[in-house]
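Hello,

Here is the structure I promised to hand over. Please have a look at it first, and then read on at your leisure.

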Amino acid sequence: MSNLAGFLGGFIAVLAIFGATRLVSAWLKYRGQMVITCPENKRPAGVSVDMRHAAVTGIGRRPELRLADCSRWPERAECGQGCLQQIEAAPEDCRVRNILTQWYLDKTCAWCGRAIGAIHTGERKPAVLTPDHLSVEWKDIPAERLEETLATALPLCFGCHIANTMVRERPDLVIDRHRPAVSQGTKETHVS
């Protein structure tokens, strides 16, 4: 009897580990904000996958995907979610973070000229410099406007982004001897 109990305990442990592995795998694969091309209007849209549903349905088989959010909602909330095929085919290519990290590869900061380099989770993230000379953090770029923003923006390292933000928001606290002064009457930032 003890051999049977040991076998059943081991079997349950293996199943639990298998299930947990599948849950974590689904979460890692489909997490975060994503950019897709809407099948209806052929324009970019920002979406996120319902992670709870994907994880629960993916324990014993391939996860069933559905959207948790879309930039075209609530107006188009009843769509057929045909965009999910793009995410199933290439989830890594749809993830905003991956799109941005790929964009920064081999780029240098528009102000200081330092290489941006590889971007890792938890690090201070670089920003983008828009055509109107504002530095913008990743989180402030709507996913549906990511491609259009990256087409016109320049890369900006974290240090220059912080300096630009400080000059723009608190010019009274900044003494910058290495860059031209910013006139008090404008909101424009400094550019070397």
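Below is what I found in it, going from the whole chain to single residues and then to the pocket.

First, please keep in mind that this is a predicted model. The chain holds seven helices and six strands. If you follow the sequence from start to end, they come in the pattern α-β-β-α-β-α-α-α-β-β-α-β-α. The chain has 192 residues, and buried ones make up 33% of them. Taking contacts between residues at least 6 apart in sequence, 56% join residues that are at least 24 apart.

Let me start with the strands S1, S2 and S3. S1 (34-37) and S2 (residues 44-49) run antiparallel and are joined by four bridges. Within this pair, Ile36 stands opposite Ala45 in S2. S1 and S2 form a hairpin with six residues between the strands, and there Lys42 takes a positive phi near 60°. S2 is also joined to S3 (67-70), this time by three bridges, and again the two strands run antiparallel.

How enclosed is S2 by the rest of the structure? Five of its six residues are buried, so S2 is largely enclosed. A residue worth clicking on here is Ser48, which sits in S2. Ser48 has a relative accessibility of 16%, and because the cut-off for buried is under 20%, Ser48 counts as buried. Across from it in S3 stands Asp69. Leaving aside residues up to four places away in sequence, Ser48 touches Gly32, Gln33, Leu67, Ala68 and Asp69. Asp69 is thus both the partner of Ser48 across the strands and one of the residues it touches.

There is a second group of strands to look at. S5, S4 and S6 make an open sheet of three strands in the order S5-S4-S6, with antiparallel pairing. S5 and S6 are its edge strands, as each of them pairs on one side only. Between S4 (127-129) and S5 (135-136) there are two bridges. In that pair, Val128 stands opposite Val136 in S5.

Next comes helix H5, which covers residues 96-104. Which of its residues are buried? They are Val96, Leu100, Thr101, Trp103 and Tyr104. Looking down the axis of H5, these buried residues fall within an arc of 160°, so they line one face of the helix. Their packing partners are strand S1, helix H4 (91-94), strand S4, helix H6 (146-152) and strand S6 (154-156). H5 therefore has buried residues packed against S1 from the hairpin as well as against S4 and S6 from the three-stranded sheet. Just after the helix, Asp106 takes a positive phi of about 60°.

The loops have a few backbone details that you may want to inspect. In the loop between S3 and helix H3 (84-89) you will find Pro74. The peptide bond leading from Trp73 to Pro74 is cis, with omega near 10°. Gln81 lies in the loop between S3 and H3 too, and its phi is near 55°, a positive value in a residue other than glycine. Is Gln81 buried or exposed? At 18% relative accessibility, Gln81 counts as buried. The loop between S4 and S5 holds His133, which has a positive phi of about 65° although it is not a glycine. His133 is partly exposed, with a relative accessible area of 29%.

Finally, the largest pocket. About 430 Å³ of space lies in it. Its lining is made up of 23 residues, and those nearest its centre are Arg97, Leu100, Lys125, Trp138 and Lys139. By class, the lining has nine nonpolar, six polar and eight charged residues. Where does the largest share of the lining come from? H5 gives that share, with four residues. H5 and helix H7 (158-169) each supply at least two residues of the lining. Leu100 is a good place to end the tour: it is among the buried residues of H5, and it is also among the residues that lie nearest the centre of the largest pocket.

I hope this helps you find your way around. Do write back with any questions.

Best wishes

Definitions and conventions: Residues numbered from 1 in each chain as written. Predicted model: local features only at pLDDT ≥ 70, side-chain atom pairs only at ≥ 80, totals over all residues. Heavy atoms only, no water. Buried < 20%, exposed > 50% of the residue type's maximum accessible area, 1.4 Å probe, protein only. Contact = heavy atoms within 4.5 Å. Arc of directions from axis to C-beta. Pairing = 2+ DSSP bridges. 1 Å grid on protein atoms, 1.4 Å probe; cavity = no way out; pocket = protein on both sides within 12 Å on 5 of 7 lines; lining within 4 Å. Points joined across faces, edges and corners; volume = space filled by probe spheres on them. Nonpolar A, V, L, I, M, F, W, Y, C, P; charged D, E, K, R; others polar.
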